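Here is a short briefing for a reader meeting this structure for the first time. Start with the view below.

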Amino acid sequence: MKELITSASFVISSPSIEDCPEPTLPEYAFIGRSNVGKSSLINMLTNHSKLAKVSGRPGKTQLINHFLINKTWFLVDLPGYGWAKVSKTEKAKWKKMIDDYLTQRTNLINVFVLIDCRHSPQKIDLEFMQWLGEEEIPFSMVFTKTDKLKKVKLEASITNYNNELLKSWEEVPTQFLTSASNKSGKDELISDIFKINSGLTN
Ligand code: GDP
């Protein structure tokens, strides 16, 4: 049976982990460089055109955004990293908020790290995933905007990425290929979450 997201609603935007909702439901977080397509992906997954706000300006308030899905789990939109023009103070604030959230959120089940499929491996993403590994925070990778590359180029780009990962990882993490434009990868990603959730309740 195809798993469906039948309800999705905004819960709260929190400036720090202390302000997040009670950690009573399984939680899945999405993060990546700004402009990677995170808002578009969240809107595609939840069948909403405007649940997550599409790209704001750099320097706007960085918040942890909680959405309640099917009244049974939280989807979390974490602020993107990699804005060129953000001050050191803003970067430090972001880092503290994200570090605290990722290391202390007790109901966090998995982090989805978004990567633009067209880009060669970027230091900022590789370092972030390295840090997640060191902290033993479970994560998967989501290659976004796959409609922008022809099949052969897409495969080459991912092979190239994985070769880079295999320099420091024994195996590559679980990966999803998605496009918010043609809605590909949606079912695979959602069923992964549903599968984990059903394992949690059984
Ligand atoms: P965010 O900053 O990570 O939340 O990224 P957005 O979702 O705002 O997307 C950034 C830009 O990429 C926007 O212009 C989107 O229309 C575009 N975009 C996002 N996802 C896709 C996709 O799957 N395919 C294509 N072709 N464009 C996309």
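The points that follow cover the sheet, the helices on it and the nonpolar cores. The model is predicted. Its sheet is open and has 7 strands. The largest nonpolar core has 31 residues.

**The sheet**
- The strand order is β1-β3-β4-β2-β5-β6-β7, and the pairing is mixed.
- β1 (8-14) and β7 (175-177) stand at the edges with a single partner strand each, so one side of each has no neighbour in the sheet.
- From one strand to the next, the twist averages 25°.
- β1 pairs with β3 (residues 64-69) in the antiparallel sense, over 6 bridges.
- Within that pair, Ala8 stands opposite Ile69 in β3.

**Helices across the sheet**
- α3 (residues 123-134) lies across β2 (27-32), β5 (108-116) and β6 (139-144). This helix runs at about 165° to β5.
- α4 (residues 151-165) lies across β5, β6 and β7. Its angle to β7 is about 160°.

**The nonpolar cores**
- In the largest core, the residues with the most contacts inside it are Ile31, Leu78, Tyr101, Leu102, Val113 and Phe128.
- At least two residues of this core come from each of β2, β4 (73-77), α2 (88-104), β5, α3, β6 and α4.
- α2 gives the most, with 5 residues.
- Leu78 touches Ala29, Phe30, Ile31, Lys38, Ile64, Ile98, Tyr101 and Leu102, leaving aside residues up to four places away in sequence.
- Another core lies apart from the largest one and has 23 residues. Among them are Ala8, Val36, Phe112 and Val142.

Terms used
Residues are numbered from 1 along each chain as its sequence is written. This is a predicted model: local features need pLDDT of at least 70, side-chain atom pairs count only at pLDDT 80 or more; totals for chains, interfaces and linings use all residues. Side-chain values use heavy atoms; hydrogens and water are left out. Two strands pair if DSSP finds at least two bridges between them. Helices (H or I, at least four residues) and strands (E, at least two) are DSSP runs, numbered from the N terminus. Axes are lines fitted to C-alpha atoms, for helices over the stretch in contact, and angles run from 0 to 180 degrees between N-to-C directions. Contact means heavy atoms within 4.5 Å. A nonpolar core is a set of buried Ala, Val, Leu, Ile, Met, Phe, Trp, Tyr and Cys residues joined through side-chain atoms within 4.5 Å. Buried means under 20% relative accessible area, exposed over 50%, partly exposed in between (1.4 Å probe, protein chains only).
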